[in-house]
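Some questions and answers on strand pairing follow. The sequence and model are shown here.

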Amino acid sequence: MVTMLRFEPLFRDLDRLTQQLWGTTVGTATRPAAMPMDVWREGDKYVVELDLPGIKPDSIDITVDHDALTVKAERPYPGEEGHDWVTAERPYGVFSRQLFLGDQLDTDAISADYTDGVLRLAVPVAEQAKPRKIAIQSGAQQAISAA
């Protein structure tokens with residue numbers, strides 16, 4: 001099986017490849033399950049949405065270390081060991097997603113909201129990366145201002 005990764009200079013994601021290789025939705029501390037994600041640009045910010053249904057907000061941990069943004073969460077095992085399970089398809093355990101952010105983003109101003117099982121991160125574009133207008137002076141204007 002060949003897996004192709006799409007290169008995105010602002011957001012690079014590695015754990016989806018890991019999940020495809022291991023083929024698991026049960027996450028452990030050493031092998032976390034991935035969480036589905038969408039990313040898009042809205043004006044001067046990027047919006048990242050991660051699906052975390054059934055996760056309690058206090059179990060979500062978001063950290064930024066240099067250019068790496070990491071989201072971790074945990075959903076405890078759904079039942080007692082003595083159950084005679086017929087079907088157990090919902091993922092549980094540790095979930096983790098790591099995004100590598102480019103230097104064009106303002107990692108100090110990231111905001112997060114968790115509503116209806118969806119974690120939404122707003123990652124603003126850094127001021128130095130925003131387009132700006134540069135004034136043009138002609139030789140005649142320079143001569144007048146020098147006099």
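Q: In what order do the 4 strands of the open sheet stand?
A: The model is predicted: local features need pLDDT of at least 70, side-chain atom pairs count only at pLDDT 80 or more, and totals for chains, interfaces and linings use all residues. Residues are numbered from 1 along each chain as its sequence is written, and side-chain values use heavy atoms, without hydrogens and water. Strands are DSSP runs (E, at least two residues) numbered from the N terminus, and two of them pair if DSSP finds at least two bridges between them. The pairing in this open sheet is antiparallel, and the order is β3-β4-β9-β8.

Q: Why is one side of β3 and of β8 left without a neighbour in the sheet?
A: β3 (37-42) and β8 (111-115) each have a single partner strand. One side of each is therefore free of a neighbour, because both stand at the edges.

Q: Which residue of β9 is the bridge partner of Leu50?
A: β4 (residues 45-51) and β9 (residues 118-124) pair in the antiparallel sense over 7 bridges. On the β3 side, Met37 stands opposite Leu50 in β4. In β9, the partner of Leu50 is Leu119.

Q: Which residue in the hairpin of β3 and β4 takes a positive phi?
A: β3 and β4 run antiparallel and are joined by 6 bridges. Their hairpin has 2 residues between the strands, and the positive phi, near 65°, belongs to Gly43.

Q: Which residue in β6 does Val64 stand opposite?
A: β5 (residues 61-65) and β6 (residues 68-75) pair in the antiparallel sense over 5 bridges. They form a hairpin with 2 residues between them, where His66 in the turn has a positive phi of about 55°. Opposite Val64 in β6 stands Leu69.
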